Amino acid sequence: MTKSTGKLYGLGIGPGDPELLTLKAYRILQSVPVIAYPAMENGKVLARSIVADYLRPEQIEIPMPLPFSPTRSSQPYYDIAAEKIAHYLSEGQDVAVLCEGDPFLFGSFMYLFNRLSGKFTTEVVPGISSTLASAAQLGAPLTYRNDVLSIMPATLSEEILRDRLAVADAAIIIKLGRHFSKVRDVLIELGLFERALYIERATMLNQRIVAIAQVEPAEVPYWALIVIPSQQKSVS
């Protein structure tokens with residue numbers, strides 16, 4: 001008799017506020033025997049902290065150390081994480097991988113999905129992205145009618161950022177961190193600086209909204225983004 005394997009879940013857990021977890025994600029989180037989550041090299045585990053109050057003591061936990069550094073390849077780390085997860089799936093245990101925001105929108109789960117979904121039954125549970133949560137926290141309607149929204153990482157080159165922003169009706173720039181000064185200069189050049197809105201750690205307890213002109217570049221965290229809402233004012 002062939003032994004059945006477990007099911008892999010890519011669990012979107014939202015931007016940081018535990019109450020923004022979907023009912024489906026909560027149900028799965030409560031039922032699976034194994035959970036996995038990214039862990040930064042400094043030991044911080046943001047994803048787990050978001051849902052900590054919903055976890056059960058008997059659940060097996062798989063921290064996945066990942067190098068959040070542009071100079072180091074993450075491939076070996078995802079290979080190791082995928083191997084650990086595959087072990088439990090092969091033993092017939094379901095595994096939920098926690099992913100901040102949405103698993104398929106710049107989510108780390110995508111790299112595990114590419115490695116494991118061809119071997120194990122997989123379900124992706126969408127979550128509220130920090131991009132949309134930020135617009136809500138800023139009170140900034142993003143798009144009206146035929147507007148096109150562009151989401152882009154600040155890690156892009158200055159030239160590409162300039163080209164993309166020049167034609168965007170509305171935009172969200174994520175992963176600011178040490179790239180803030182570059183982004184700021186492009187926004188000023190394109191005449192978008194006055195429209196730009198800045199937020200850090202949207203929906204978390206340490207959320208911070210600051211006028212973009214007052215932002216200190218050296219203090220901008222990775223979990224900061226800029227929203228450039230539409231200029232349109234829709235008439236109903």
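# A walk from Ala 133 outwards

Setting aside neighbours within four places in sequence, Ala 133 touches Pro 15, Ile 128 and Thr 203. Keep in mind that you're looking at a predicted model. Ala 133 sits in helix α5, and with a relative accessible area of 6% it falls under the 20% cut-off, so it counts as buried. If you want a ruler across this part of the model, take Arg 201: it is 68 residues from Ala 133 in sequence, while the C-alpha to C-alpha distance between the two is 10.0 Å.

Zoom out to the whole helix. α5 covers residues 130–138, and its buried residues are Thr 131, Ala 133, Ser 134, Ala 135 and Leu 138. What do the buried residues of α5 pack against? The partners are strands β6 (149–153), β7, β8 (197–200), β9 (208–210) and β10. Right after the helix comes Gly 139, with a positive phi near 65 degrees.

Two of those strands turn up again in the next stop, the nonpolar cores. In soluble globular proteins, nonpolar side chains tend to be buried together. Here the largest nonpolar core holds 22 residues, and the ones with the most contacts inside it are Leu 165, Ile 173, Leu 176, Leu 187, Tyr 198, Ile 226 and Ile 228. Two or more residues each come from α6 (158–166), β7 (170–174), α7 (180–190) and β10 (224–228). The top contributor is α7, which gives 4 residues.

Leu 176 is a handy residue to click on in this core. Beyond its neighbours within four places in sequence, Leu 176 contacts Ala 154, Val 183, Tyr 198, Val 220, Pro 221, Tyr 222, Ala 224, Leu 225 and Ile 226. There is also a second, separate core, made of 19 residues, with Ala 36, Ile 85, Ala 86 and Val 95 among them.

Now for the helix pairs. Two packed helices are described by the angle between their axes and the distance between the axes. For α6 and α7, the angle is about 40 degrees and the axes lie 10 Å apart. That angle is why α6 counts as oblique to α7. The crossing of α6 past α7 is right-handed. On the α6 side, the contact uses Glu 158, Leu 161, Arg 162, Leu 165 and Ala 166; α7 brings Lys 182, Val 183, Val 186, Leu 187, Glu 189 and Leu 190. Sorted by class, the contact has 7 nonpolar and 4 charged residues, with no polar ones.

The other pair is α3 (residues 75–90) with α4 (residues 109–116), packed at about 60 degrees with axes 10 Å apart. These two helices are therefore oblique to each other, and their crossing is right-handed. From α3, the contact takes in Gln 75, Tyr 78, Asp 79, Ala 81, Ala 82, Ile 85 and Ala 86, which meet Tyr 111, Leu 112, Arg 115 and Leu 116 of α4. The class tally for this contact is 8 nonpolar, 1 polar and 2 charged. You've met Ile 85 and Ala 86 already, as members of the second core.

One last stop. Is Gln 231 buried or exposed? Gln 231 lies in the segment after β10, and its relative accessibility is 60%, so it counts as exposed. To place Gln 231 against the helix pair above, measure to Leu 116: the two are 115 residues apart in sequence and 43 Å apart in space, C-alpha to C-alpha.

Key: Residues numbered from 1 in each chain as written. Predicted model: local features only at pLDDT ≥ 70, side-chain atom pairs only at ≥ 80, totals over all residues. Heavy atoms only, no water. Core = buried A, V, L, I, M, F, W, Y, C linked by side-chain atoms within 4.5 Å. Buried < 20%, exposed > 50% of the residue type's maximum accessible area, 1.4 Å probe, protein only. Contact = heavy atoms within 4.5 Å. Axes fitted to C-alpha atoms, helices over the stretch in contact; angles between N-to-C directions. Parallel < 35°, antiparallel > 145°, perpendicular 65-115°, else oblique. Left-handed = near helix turned anticlockwise from the far one by under 90°. Nonpolar A, V, L, I, M, F, W, Y, C, P; charged D, E, K, R; others polar.
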